[in-house]
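The following note sets out numbered points on the structure shown here. Each point is a short paragraph that may be checked against the coordinates.

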Amino acid sequence: MKDKTTAALLAFFLGWFGIHRFYLRQPGLGVVYIFLAFIFISWILGIIDAIALLVMDQAEFDRRYNDQRAPGQHDRYRRNEVRRDYQRDVNTGRYPAQQSQGQPRRTSTSAQVPERHKVNPFKQSGIKKYKDFELEDAIEDFEKGLEINPKDIALHFNMACAYSLTEKADKAHYHLDKAVEYGFTDFDKIRTHDDLAYVRIQPQFDDFAAAGFRLSRPGAPPVQQNVTQPSPEPQDDKLLSQLKRLAELRDKGLITEHEFVAEKEKLMR
């Protein structure tokens, strides 16, 4: 253990000969001071070193000159330091005490990276086909995607849009019902989305919306509406009623003028 005061005195009185450097285990600098003594530079350096040692903080002095370990000793010191830190963390409850030796230390539960959800390839391919207006192929991919994740809200909503564009209102209602069942709450999107215009002009849409966009029997398979049934009113009156309802939806802003014209043309065919 080197003493700061002793080193400063050696530097002041014998610094010209580098004695204080030998004392502080710096023999290389000590030899340099010996050579510089012949040109009187080491005298000045010795006085400067003495002043610097006197004003130096004791902790800094110990860090510089009293932490000289033999080869391999530093590693042992570091391992002991790690053990002390770990034991402290165990005592404070930061790490589990039963962690066995040799296992990597865990920083905290919150630092662990959560497992990523598996990407559904059919969902991505279905959306691409849907945007390209390849609706039948898109529906096929969406169905395969639902086999992987039957509760995917986006898949059910996109299925409803695709079925609406292909004028299959019963299946569109079914998948809207499933989307709401699994957590879909953006009801304004159902009322305004362009691709759901065909669904909104159906007579049963008002009851469907009033029920919170749920079918009368949640989870029930879609009712096949294309089954031939006796019409309670003449065909002309039914067409007129549908055209009137279509105009009301346009006037309320629920469908655009473009949607109104397109749906009107479909009804007139």
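1. A residue is called exposed when its relative accessible area is over 50%, and buried when that value is under 20%. V55 has a relative accessible area of 67% and is therefore exposed. V55 lies in helix 4. The model under discussion is a predicted one.

2. Overall composition. The chain holds 15 helices and zero strands. Of its 269 residues, 30% are buried. The accessible surface comes to about 18000 Å², and carbon and sulfur atoms account for 56% of that area. When contacts between residues at least 6 apart in sequence are considered, 53% join residues at least 24 apart.

3. Nonpolar surface patch. V55 also belongs to a nonpolar patch of about 820 Å² on the surface, together with L9, F12, F13, L14, I47, I51 and L54. Helix 1 (4-14) and helix 4 (41-55) are the elements that give two or more residues to this patch.

4. Largest nonpolar core. This core has 25 residues, and the members touching the most others are Y130, F157, L176, I190, L196, F205 and F213. At least two residues each are supplied by helix 8 (135-148), helix 9 (153-165), helix 10 (169-181) and helix 13 (205-210). Helix 9 provides the largest share, seven residues. A second core, separate from this one, consists of nine residues, including A7, A11, A50 and L53.

5. Surroundings of L196. Which residues does L196 contact, once neighbours within four places in sequence are left aside? The contacts are F157, A160, C161, S164, L176, K189 and I190. Of these, F157, L176 and I190 are also named with L196 among the core members that touch the most others.

6. Aromatic pairs. The structure contains seven aromatic pairs. The ring centres of F157 and F184 are 5.1 Å apart with planes at 20°, so this pair is stacked. The two residues come from distant parts of the chain, 27 residues apart: F157 is in helix 9, and F184 is in the loop between helix 10 and helix 11. Both F157 and F184 are buried. The rings of F205 and F213, by contrast, have centres 6.2 Å apart and planes at 55°, and are therefore tilted. F205 is buried at a relative accessible area of 6%, and F213 is buried at 1%. Ring pairs also join F205 and F213 with F187 and F208 in a cluster.

7. Salt bridges with a buried partner. Side chains of opposite charge can pair when their charged atoms come close. The structure holds 15 salt bridges. In one of them, the side chains of D141 and K129 meet at 2.9 Å, N to O. This pair links distant parts of the chain, with D141 in helix 8 and K129 in helix 7 (residues 121-131), 12 residues apart. D141 is buried at 6% relative accessibility, whereas K129 is partly exposed at 26%.

8. A pair within one helix. K178 and E181 form a salt bridge whose closest N and O atoms are 2.9 Å apart. Both residues lie in helix 10, three residues apart, which is about one turn of the helix. K178 is buried at 9% relative accessibility, and E181 is partly exposed at 34%.

9. A pair across the sequence. Are E259 and R200 buried or exposed? E259 is buried, with 7% relative accessibility, and R200 is buried as well, with a relative accessible area of 1%. The two form a salt bridge in which the closest N and O atoms are 3.8 Å apart. E259 lies in helix 15 (residues 257-268) and R200 in helix 12 (residues 197-200), so the bridge ties together parts that are 59 residues apart in sequence. Elsewhere, salt bridges with shared partners join D177, K178, E181 and R214 into one network.

10. Position of H193. H193 is located in the loop between helix 11 (187-192) and helix 12, and at 22% relative accessibility H193 is partly exposed. Beyond residues up to four places away in sequence, H193 touches Y130, F157, C161, R200 and E259. These contacts thus include both partners of the salt bridge between E259 and R200. The C-alpha atoms of H193 and L254 are separated by 8.9 Å, although the two residues are 61 apart along the chain.

Technical notes
Residues are numbered from 1 along each chain as its sequence is written. This is a predicted model: local features need pLDDT of at least 70, side-chain atom pairs count only at pLDDT 80 or more; totals for chains, interfaces and linings use all residues. Side-chain values use heavy atoms; hydrogens and water are left out. A nonpolar core is a set of buried Ala, Val, Leu, Ile, Met, Phe, Trp, Tyr and Cys residues joined through side-chain atoms within 4.5 Å. Buried means under 20% relative accessible area, exposed over 50%, partly exposed in between (1.4 Å probe, protein chains only). Helices (H or I, at least four residues) and strands (E, at least two) are DSSP runs, numbered from the N terminus. Contact means heavy atoms within 4.5 Å. A salt bridge is a side-chain nitrogen of Lys or Arg within 4 Å of a carboxyl oxygen of Asp or Glu. Accessible areas come from the Shrake-Rupley method with a 1.4 Å probe; for residues, only the protein chains shown count as cover. Patches are made of residues with over 30% relative accessible area and no salt bridge: like charges are joined within 9 Å, nonpolar side chains (Val, Leu, Ile, Met, Phe, Trp, Tyr) within 5 Å. Rings of Phe, Tyr and Trp (its six-membered ring) pair if their centres lie within 6.5 Å; planes under 30 degrees apart count as stacked, over 60 as edge-to-face and the rest as tilted.
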